[in-house]
Amino acid sequence: MNTSVRNLAALGLLGAVLVGCGQGTPETAAGPATKQPTATGTSPSPLASAAPGPGKPAAGRTAPPTMAPGPGGRTPVYNRRTKGAEKVVALTFDADMTADQGPRAARGEHFDNPQLIATLRRLKVDATVFMTGRWAEEYPDQAKSIGGDPRFEIANHSYSHYAFASPCYGLPTVAGPDMAADVQRAFDAFRDAGAVHVVPYFRFPGGCYDDAALRALAPAGVTAVQWDVVSGDAFAKDPDAVADQVLDGVRPGSLVVMHCTRSAAPVTEQAVRRIVPELRARGYRFVKVSELMGG
């Protein structure tokens, strides 16, 4: 392992959380321990049958798979496909923007990454974008384009990228009674932007959650989606180090977390240009989270 990769690995979970999408100085402390409820099967999400509502399939399309609730009705958490040896991998990209970053965007800071999306299309890579509602409001045309392309699906990353458990890298915290509403507000933003391919999956900002958050989020009817491979693209300067970390970590059924934010993950697109052909050379196929979970 070269020095760049060791430095990325030392960041640990930080590489996955983006610390509020580039807000403040990167920290190296680990976040709160997460608990992974065991799935008891898959079931239709309440969101998938609501009208109108997030995750409702278009005519002729089946509802995306979801996990059954965890113990006590808690929101279930999915990390990767654990059954079978098929060489599939899901690349996921967090499109982060906090509720208070509008002035920074107005001054020219880029929280989007259209070149990354164009590269995924050019390379014919299916992917899942975990988007905040605030991001969809800032870039509605891009949200509509991503959410209208059958190669992609949009999942929920909260409205404001505030934490659902504390401490979480200095992020402000959503109050427990407001968590389900925060998630719904993000889904509403996707709908208002005109996104079509929206799935009832949710990723906790910063990856931080606890039992209280899993209980509070239950009314939203979503499956929480984490990861098993940290790309380390947050604040990275060396695309080869990011690519090395992904290539070293991927196993059949892996779920990789990356970012779709130029300001705080500037080398992701370059890393993807290397990751995709090398994994394909190893026999891997790229799938969306819905296909990974459905398998």
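Let me begin with the surroundings of Thr-223 in this predicted model. Once neighbours within four places in sequence are set aside, Thr-223 is in contact with Thr-66, Met-67, Pro-76, Tyr-78, Pro-200, Tyr-201, Phe-202 and Met-293. The residue belongs to strand β6, which covers residues 223-225. Thr-223 has a relative accessible area of 1% and is therefore classed as buried, the limit being under 20%. One further separation is worth noting here: Thr-223 and Ala-68 are 155 residues apart along the chain, while their C-alpha atoms are separated by 8.3 Å.

That leads to the protein as a whole. The protein comprises 295 residues, of which 55% count as buried. Its secondary structure consists of 13 helices and 9 strands. If one takes the contacts between residues at least 6 apart in sequence, 81% of them join residues at least 24 apart.

I turn next to strand β4, residues 152-156. How many of its residues are buried? The count is 5 of 5, and the strand is mostly covered. As general background, side chains in a regular strand alternate between the two faces of the sheet. In β4, Phe-152, Ile-154 and Asn-156 point one way, whereas Glu-153 and Ala-155 point the other way. All of these residues are buried, on either side of the strand.

β4 has pairing partners that I would like to take in turn. Strand β3, residues 127-131, runs parallel to β4 and is joined to it by 5 bridges. Within that pairing, Ala-155 of β4 has Phe-130 standing opposite. Strand β5, residues 198-202, also pairs with β4 in the parallel sense, over 2 bridges. Here Asn-156 has Phe-202 in β5 as its bridge partner. Between β4 and β5 the chain passes through helix α9, residues 179-193, and this β-α-β crossover is right-handed. Phe-202, I would recall, is also among the contacts of Thr-223.

Now to a pair of helices, α11 and α12. Two packed helices are described by the angle between their axes and the distance between the axes. For α11, residues 239-249, and α12, residues 268-281, the angle is about 35° and the axes are 8 Å apart. Their crossing is right-handed. Which residues form the meeting surfaces? On the α11 side they are Pro-239, Asp-240, Val-242, Ala-243, Asp-244, Val-246 and Leu-247. On the α12 side they are Gln-270, Ala-271, Arg-274, Ile-275, Glu-278 and Leu-279.

Considering α11 by itself, 8 of its 11 residues are buried, and the helix is mostly covered. The buried residues are Pro-239, Ala-241, Val-242, Ala-243, Asp-244, Gln-245, Val-246 and Leu-247. The N-terminal end of α11 is capped by Asp-238, which places a side-chain oxygen 3.0 Å from the backbone nitrogen of Asp-240.

In α12, two residues deserve individual attention. The first to discuss is Ile-275, located in this helix. Why is Ile-275 counted as buried? Its relative accessibility is 0%, and buried means under 20%. Apart from neighbours within four places in sequence, Ile-275 is in contact with Ala-243, Val-246, Leu-247 and Met-258. Ala-243 lies 32 residues away from Ile-275 along the chain, and the separation of their C-alpha atoms is 5.6 Å.

The other residue is Thr-268, again in α12. Thr-268 is likewise buried, because its relative accessibility is 0%. With residues up to four places away in sequence not counted, Thr-268 touches Phe-93, Leu-116, Asp-233, Met-258 and His-259. Met-258 thus appears in the contact list of Thr-268 as well as in that of Ile-275. From Thr-268 to Gly-232 the C-alpha to C-alpha distance is 9.5 Å, and the two are 36 residues apart in sequence.

I finish with Arg-134, in helix α7, residues 133-138. Is Arg-134 buried or exposed? With a relative accessible area of 13%, it is buried, since the criterion is under 20%. The side chain of Arg-134 makes a polar contact of 3.0 Å with the side chain of Glu-138. Beyond neighbours within four places in sequence, Arg-134 is in contact with Met-97, Thr-98, Ala-99, Gly-102 and Tyr-159.

Methods
Residues numbered from 1 in each chain as written. Predicted model: local features only at pLDDT ≥ 70, side-chain atom pairs only at ≥ 80, totals over all residues. Heavy atoms only, no water. Helix = DSSP H or I, 4+ residues; strand = E, 2+ residues; numbered from the N terminus. Buried < 20%, exposed > 50% of the residue type's maximum accessible area, 1.4 Å probe, protein only. Polar contact = N/O pair within 3.5 Å; in protein donor to acceptor, adjacent residues only side chain to side chain. Contact = heavy atoms within 4.5 Å. Pairing = 2+ DSSP bridges. Right-handed = clockwise from strand over helix to strand, strands pointing away. Axes fitted to C-alpha atoms, helices over the stretch in contact; angles between N-to-C directions. Left-handed = near helix turned anticlockwise from the far one by under 90°.
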